[in-house]
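Visitor: I would like to see how each label on this model is earned. Could you take me through the reasoning?
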Amino acid sequence: MKRLSDRAAFEQYAAEARARWERLWSEDQWVISVGISGCSIAKGALETYRNLSLHLSEGHIPAVLRQVGCGGWCFAEPFVEVKLPGHPPIVYGWMTTDRVPELLDALRRGDLRPDWALGVRAAGAWHGIPPLTEHPFLRRQRRLLLEHAGIIDPESIEDFIAIGGYRAFLKALFEMTPEEVIAEVKASNLRGRGGAGFPTGIKWESGRRTPARPKYVVVNSHEGEPNVFKDRRLLESNPHLVLEGLLIGCYALETPCGYNYIGGEHALALQRFQRAVEQAYELGLLGDDILGSGFSCHVRIRTGGGAYICGEGSALMYAIMGQRGQPRTKPPRSVEEGLWRRPTVLNNTETFASIPAIIQNGGSWYASLGTKESTGTKLVTMQGPVKYLGVAEIEFGLSMRELIFDVFGGLREGYRLKGIQTGGVSAGPLREDELDVPIDFEALTPLGAMVGSGGFVAFDESVCAVDFARYLVAFSRYESCGKCTPCRLGTPALVEILDRIRHGFGRPEDLDIIQYASKHIIELSLCGLGQVAPMPLLGMLERFRDEFIEHITERRCRAGVCPIAAGEPLSVGR
């Protein structure tokens with residue numbers, strides 16, 4: 001790959017990439033794309049890819065076989081998209097190896113198999129196949145970050161540039177000052193997508209104003225909570241989008257030093273981001289004197305062993321510096337003293353991925369999306385017995401009820417919604433009668449819930465509130481770094497009390513002890529992770545207190561999952 005020396009060379013490269021992209025879809029050949037991502041590999045996508053390659057070869061079918069990222073519809077993995085000559089691309093779901101020969105035979109006969117299709121990438125229906133955008137999972141979504149997920153090859157910088165990639169970086173680099181870049185980010189009111197929701201533009205401005213040098217810009221791609229996998233999918237499906245946002249951040253702070261910390265357990269995300277960085281260096285979008293602009297930028301990748309605490313900002317910075325990942329007291333804030341005690345701006349993966357669209361379209365455009373205080377879109381993941389599992393991108397302001405029942409399709413047949421756990425393991429649940437609340441940074445807080453990093457768990461009547469609370473608190477207990485006493489000793493104490501209740505030996509005063517101990521953990525823990533560790537338990541206790549009381553006074557678990565027999569009489573001695 002030839003290194004590009006200036007903007008004109010990039011424009012020529014982009015024009016050629018665009019022309020090749022258009023030829024790919026217009027020539028008289030089959031184009032078959034297979035989604036290869038963490039979720040699809042687990043469901044046999046690599047076998048589907050190999051099977052397709054074999055049958056296309058044996059059948060002498062002239063076709064281009066490509067790999068793409070996750071489209072978000074994890075429920076339909078492995079998926080295959082087929083573009084036949086003269087037809088728009090059709091997306092097929094659940095395409096396991098046993099279905100491959102039958103699909104190819106049907107397509108050769110002219111049978112498009114609408115019964116297997118998720119939808120067609122077209123404005124209207126095609127031979128009985130509805131547009132993909134009308135699929136219930138996609139109908140209410142607003143896709144900015146996922147617009148090209150499942151379409152481009154995540155390991156091809158040429159694909160990314162063909163669909164307009166790195167245009168925002170060039171606009172910032174050649175048409176805007178660093179101050180103007182920050183002004184646009186501030187105008188967008190983009191708030192951090194890692195959970196805290198701090199305004200990104202203010203953070204960038206604070207980092208820029210701090211006089212010490214060198215400065216650092218860091219992407220936090222460490223996702224450790226149960227049911228949160230949106231950053232992983234983003235890196236697996238469009239790593240160059242995150243890299244472009246990081247480049248713009250480095251330009252805004254006028255620093256050549258960028259980092260991305262990716263959880264070591266996310267192997268494919270790590271591999272694809274590494275490949276993206278290599279390609280950007282080869283093309284001259286990273287390195288010294290980028291495109292002859294005089295701006296230099298170098299990006300390094302760091303990874304760890306999967307410790308949850310390394311998602312906390314200060315712990316992550318220690319990990320990057322090669323030290324044990326543990327939080328520290330603040331102040332000083334990281335924009336004043338972060339990596340190697342130098343100004344450091346750290347944002348979540350999704351936050352950086354939002355930056356290119358803001359620079360291209362303007363901060364006011366972005367601010368027009370969502371709600372007044374929570375602008376733009378949000379990636380969300382849902383777990384539980386819902387119909388459509390996957391990653392969705394919604395505008396802020398959609399209600400929780402709409403998210404569950406419209407986007408994720410509601411609960412599957414035979415299940416009845418009991419509640420939804422919000423904010424990963426950092427907040428409380430909502431009951432079914434509280435779901436009409438809008439999803440944004442403000443509206444959920446009075447209810448003890450939160451957006452967090454966008455991970456939600458819908459649960460039904462078969463889930464015991466005590467047992468579920470125990471699972472959530474036990475996660476924080478096992479993932480506690482052990483640095484501060486309230487978290488190190490407080491979370492095991494809460495688990496011990498919950499185990500006592502689950503085994504039928506709870507005491508009425510245990511509920512007061514939970515409240516008392518939780519208050520101290522929240523107020524005295526060193527970092528944000530410890531400060532929210534008891535929140536799921538307090539929320540469960542508030543919303544489903546009657547179940548806790550039943551376990552204690554009746555020694556009964558209505559869901560029948562705790563180690564006491566459902567309906568066991570109280571006469572059994574303790």
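Guide: Start with a term. A nonpolar core is a set of buried Ala, Val, Leu, Ile, Met, Phe, Trp, Tyr and Cys residues joined through side-chain atoms within 4.5 Å. Keep in mind that this is a predicted model.

Visitor: What makes up the largest nonpolar core here?

Guide: It has 76 residues. Tyr166, Trp204 and Leu243 have the most contacts inside it. Helix α11, residues 239-252, gives the largest share, 9 residues.

Visitor: Why is this core said to lie between domain 1 and domain 2?

Guide: Both domains, 23-134 and 165-368, give residues to the core, so it lies between them.

Visitor: What is Tyr166 in contact with, leaving aside neighbours within four places in sequence?

Guide: The cut-off is heavy atoms within 4.5 Å. The partners of Tyr166 include Phe10, Ile157, Phe160 and Ile161. His240, Leu243, Glu244 and Leu247 are also among them, as are Ala280 and Leu285. There is also a second, separate core of 36 residues, which includes Phe137, Leu411, Leu417 and Leu435.

Visitor: How do you know that Leu538 is buried?

Guide: Buried means under 20% relative accessible area. Leu538 has 18% relative accessibility, so it counts as buried. This residue is found in helix α21, residues 535-543. Leaving aside neighbours within four places, Leu538 is in contact with Ile514, Gln515, Ser518 and Ile522. Its C-alpha atom is separated by 9.4 Å from that of Pro429, 109 residues apart along the chain.

Visitor: What makes strand β9 mostly covered?

Guide: 5 of its 5 residues, 344-348, are buried. In a regular strand the side chains alternate between the two faces of the sheet. Both faces of β9 are covered. Thr344, Leu346 and Asn348 are buried on one side, Val345 and Asn347 on the other.

Visitor: How do you know that β6 and β9 pair?

Guide: Two strands pair if at least two bridges are found between them. Strand β6, residues 216-221, is joined to β9 by 5 bridges, so the definition is met. The two run parallel. Val218 stands opposite Leu346 in β9.

Visitor: What is the order of the open sheet, and why are β11 and β13 its edges?

Guide: The 5 strands have the order β11-β10-β14-β12-β13, with mixed pairing. β11 (390-395) and β13 (429-431) each have a single partner strand, so one side of each is left without a neighbour in the sheet. Neighbouring strands are turned by 30 degrees against each other on average, direction ignored. β10, residues 377-383, pairs with β11 in the antiparallel sense over 6 bridges. There, Leu379 stands opposite Glu393 in β11.

Visitor: Which helices pack on this sheet?

Guide: Helix α10, residues 230-237, touches β10 and β11. The direction of α10 makes about 115 degrees with that of β10. Helix α16, residues 400-407, touches β10, β11, β12, β13 and β14. The direction of α16 makes about 115 degrees with that of β12.

Visitor: Why does the chain's radius of gyration agree with that of a compact globule?

Guide: With 574 residues, a compact globule would have a radius near 25 Å; the chain has 25 Å, so the two agree. Along its principal axes the C-alpha trace spans about 80 × 65 × 40 Å. Of the 574 residues, 57% count as buried. The chain contains 22 helices and 14 strands.

Terms used:
Residues are numbered from 1 along each chain as its sequence is written. This is a predicted model: local features need pLDDT of at least 70, side-chain atom pairs count only at pLDDT 80 or more; totals for chains, interfaces and linings use all residues. Side-chain values use heavy atoms; hydrogens and water are left out. Buried means under 20% relative accessible area, exposed over 50%, partly exposed in between (1.4 Å probe, protein chains only). Helices (H or I, at least four residues) and strands (E, at least two) are DSSP runs, numbered from the N terminus. Domain bounds come from an automatic or database domain assignment. Axes are lines fitted to C-alpha atoms, for helices over the stretch in contact, and angles run from 0 to 180 degrees between N-to-C directions. The radius of gyration is taken over C-alpha atoms; the globule rule is 2.2 Å times the number of residues to the power 0.38.
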